[in-house]
Structure formats: C-alpha cells, structure tokens
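Work through the four exercises below with the model open. Each one gives a task, then a solution in steps.

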Amino acid sequence: MTDVPRDLLEQITQLENLFTVDTEKLKKITDHFVTELDKGLSKAGGSIPMNCTWVLDWPTGKEKGSFLALDMGGTNLRVAEITLDGKRGFDVTQSKYQIPNSLKTGTAEQLWDYVSDCLHKFLLSSCEDELKEPTEVCLGFTFSYPATQNAINHGVLQTWTKGFDISGVEGHDVVEQLGEALAKKNIPIKVTSVINDTTGTLCASNYVDPQTKMGIIFGTGCNAAYYEKVKNIPKLEGRLPSDIGPEDDMAINCEWGAFDNEHYILPYTTWDLKIDAESPRPGQQAFEKLIAGVYLGEIFRLVLVDLYNDGFLFEGKNIKSLETPNFLDASFLAQIEDDPWENLTETEILFVNKLDIATTESERKLIRRLAELIGTRSARLSACGVAAIAKKAGYTSCHAGADGSVFNKYPHFKARGAQALKEIFDWEMSDPKDYPIKVVPAEDGSGVGAALIAALTDARVSKGLSVGAKDQ
C-alpha cells in the first residue's frame, strides 16, 4: 500500500493490531471454551446452556420411509415430506406458507389452527398416499424459539422472539398444543419430535456423511450441536430412566453464542463493547456479537464513523446514512471483499449507491483492509468453537457440517477458519484437504434433520425405549 498516505497507513496498522487474533490467543480461547462447555453440562451450569435434546441415537444410514418436517420461522412455515431411502439418500418435496402478521399477535388457538391447516393442505397436495393409510404420519417439528425440553417430544415455550407475541403459548408445551389442533381436525399426523435446527443439521449431515460429528451454524447467529456421553452430563444425574446408560450418547444443543459472557478471554474492541452495551440484551451472547453475520456490518460501520469523526476518512462528506445504526449487514462487507479490481471500483460504486459517499482510492484500500480484518477475526474465532468441541469430545479426525449465510456466502470464511484450526492443533500438513478436522457444507437441518429425528424417535418408541427424563 505504498500509494496510501502515511496517516491512513498508521490507521490500518492500528486496526490490524486491534482485530488480529494470533495463534497463541486462539489456543487460549479454545482451552477456555472447553472449560465452559464442561461447566454448561454441570449441575451448577454456566454461560453456555448446553441444552440436552433427548436425541439419543445416531443415524445409521438405513433409516427408510416418508416423514414430515415442519419448520416454523419468523416469516414463513416450511412443510416438507422427506423420503429416506435407507442408503444415506433422500428426496424432498416442500411448500412454504407465509405467516399472516395478524397471527403474530393473535391467540394460541388461531396459531395452531393455521399451522394445522397448512399441514393439511400439504398432505392433500403432496402426500395423497399417506392420507389413504390408516396410521398417522410422523412429523419432526423445528421450533426456533427458546423452549425447555425434558423429552424429545416435549417443548415448553419460554418466551416469544422475532416479533411474535401470541397469547396462550408461553409456558405451554407446543407439541401438545399442535397435536390437539391436528386431532380436532382429524388430520393424521403425529408430532414425534421438536428440535432446534442446529441439532437437525448435526443429524442430517451425519446421515449423509458418517464422518460428521458436529452440526454448526455460522449465519445471522451462531450455534453448534454434538453428541456427548451421558456419563459426562452431571446435570442429568437422578433424572435418567433405567434404559439410558452412562455410555449412551445424547445430542447437545450448545447455544454457544453465550460463550464468554463474563468477558474473560475474547479480544473485545471498543466497538464490540459499544454494540454489547446498546444491544437489547447487554452482557449476553458475547461470542455471537463478535462473529455472527448480524453484527459484522455494525462493527464495520462504527469503525468508519469513528475514523470520519477523527478526520481520517470522507473529509467534508455527508455521512448521514453511515450514521444510521444497523444500516449495514455482513453482505456489504462480503461485496467489498469480493471486489476484484485493483482500484476497488466496485467498492466505489457500492459506497455511492448504498451510502451516497464518494471515496478516494486510498480510502477504499483502508475500507477493504477493515472488511478483511473483521471477516478474518470472525472466521478465526469461529474455529475456536469447532476446536473446543473436538477437544471436549476427543475427536482427532472428523467433519463438522456447517450451514448459515456467513459460512456459505462470506468470501474466504472457510479458508480462514481452516487456517485457524491448523494453528490451534499445530498441524504440519500444508494442504487443507489433508487437515484431520474439516468444516464442510451441511445438509438441511430444519427439513431433512427434523424428519430424520422423527424417524429415529419413532423407531425408539416402537422398541419401548425412553425419549425423555423420568421426571418429565
């Protein structure tokens, strides 16, 4: 960057010092992460919830049959029929139904009537054969809201999020409520399981690729799931039925976005602390606020505003749009990192079109470097979570199935994360293809995973085996 003025070069150096996470720091974060995973499984608990999912079986790959999956998101319901072929393959038929805004502040009866109507429509249009059968169709329900689970087929809503405020659901079992709505209309569907999409990602990816031992989400938020030995989950002591032994495995939904809520180990900048302080929940989701897509654009925006206020960028320009909180998202940084031109022409156009700010080539080089630093820090810190689960579970070689917009769409995220894993584990091989632990694209967790867990649960129940705590 010899053509960049000295004052901007000095700013770039300062930013590099603030956002770079070196190998030694990666290792310290990973070791502390392992400790916190352990703490979350203990009776005392910790910042990372480490939720027990009551998914007690690994897929065998021989699962066969047709199962339904229901994914209840913030805007749409997605209903899918998943046909498992018994050879680690599947076919998917699916439909989406928009959730009316009026329902989001309605009643429980209105909500579940609408959901059951959508499921019935799907059966009529896509599953006519199932309607002719006398037995019920098994449904896996992906319910992406905070819920307490004492069994795989039991989920009590703690609190609505994503703009929902439906009366009569909080504090109640959503499986029971949906089941009652289906029964009232004689719709032949049995809600077999309720899951988190990360757990579904784990199971769907393992079904297709048995080397997969983790399910990871790197998107708007972040999360992970893996299987833990029951004997390593002290908080289950006294709650396990007799047919669940210490050597049995249970999928754990980590909810690892809460790692380091104590602000003990992660490398926070003043901008990270500002985002936390001004967030709806200060002091919570500390890890997520450094690495997840919903925050990357805001970190970038805050740095640029400070550089403007300090007189280093956009002199004399109107930066009104840039001063709007949460105006930028991770896709903005991704476009900057994707700019192939030496003079960063696409970045120049992006700033004019999105922010109405004209930039010099020198400014764009600083902007590009800042985007790289924020994106790289996200990828490297993300790798600490993957490494921590590998260490916790004793995996020296495995795949981690990852999904989410940041993993799938952010430039160089995969390569940067792989490099960080190499540094954490001191691998000597130079080709990432040879790395013992690889983060690979995941299968559809809220669809295939939900249906697969429904299949696993149905098989378990048919054998008379437990699917929940004895005090459920």
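**Exercise 1.** Place Asp197 in the predicted model. State which helix holds Asp197, and decide whether Asp197 is buried, partly exposed or exposed.

*Solution.*
- Step 1: locate the residue. Asp197 belongs to helix α6, which covers residues 197-208.
- Step 2: take the relative accessibility. For Asp197 the value is 27%.
- Step 3: apply the cut-offs. Buried requires under 20% and exposed requires over 50%. Asp197, at 27%, is therefore partly exposed.
- Step 4: list the contacts. Setting aside neighbours within four places in sequence, Asp197 contacts Thr142, Gly445 and Ser446.
- Step 5: check the side chain. The Asp197 side chain forms a polar contact with the side chain of Thr198, at 3.4 Å.
- Step 6: compare sequence and space. Asp197 and Asp403 are 206 residues apart along the chain, yet 10 Å separates their C-alpha atoms.

**Exercise 2.** Classify Ser382 as buried or exposed, then find what its side chain reaches.

*Solution.*
- Step 1: Ser382 sits in helix α12.
- Step 2: its relative accessible area is 1%. Buried means under 20%, so Ser382 is buried.
- Step 3: look for the polar partner. The side chain of Ser382 reaches the backbone oxygen of Ser378, at 2.7 Å.
- Step 4: collect the contacts beyond four places in sequence. Ser382 touches Phe218, Trp256, Phe287, Ile291 and Phe413.

**Exercise 3.** Write out the strand order of the open sheet with 6 strands. Which strands stand at the edges?

*Solution.*
- Step 1: the order is β1-β11-β10-β9-β12-β13, with mixed pairing.
- Step 2: read off the ends. β1 (51-52) and β13 each have a single partner strand, so one side of each lacks a neighbour in the sheet.
- Step 3: inspect one pair. β9 (residues 212-218) and β10 (residues 222-229) run antiparallel, paired over 5 bridges.
- Step 4: find a facing residue. Gly215 is opposite Ala225 in β10.

**Exercise 4.** Describe the second largest pocket: its volume, its lining and the elements that supply that lining.

*Solution.*
- Step 1: the volume of the second largest pocket is about 260 Å³.
- Step 2: 19 residues line this pocket. Lys414, Gly417, Ala418, Lys438 and Val439 lie nearest its centre.
- Step 3: assign elements. α12 (361-393), α14 (413-425) and β13 (437-441) each give two or more residues to the lining.
- Step 4: rank them. α14 gives the most, with 6 residues.
- Step 5: sort by class. The lining has 14 nonpolar, 2 polar and 3 charged residues.

Methods:
Residues numbered from 1 in each chain as written. Predicted model: local features only at pLDDT ≥ 70, side-chain atom pairs only at ≥ 80, totals over all residues. Heavy atoms only, no water. 1 Å grid on protein atoms, 1.4 Å probe; cavity = no way out; pocket = protein on both sides within 12 Å on 5 of 7 lines; lining within 4 Å. Points joined across faces, edges and corners; volume = space filled by probe spheres on them. Helix = DSSP H or I, 4+ residues; strand = E, 2+ residues; numbered from the N terminus. Nonpolar A, V, L, I, M, F, W, Y, C, P; charged D, E, K, R; others polar. Buried < 20%, exposed > 50% of the residue type's maximum accessible area, 1.4 Å probe, protein only. Contact = heavy atoms within 4.5 Å. Polar contact = N/O pair within 3.5 Å; in protein donor to acceptor, adjacent residues only side chain to side chain. Pairing = 2+ DSSP bridges.
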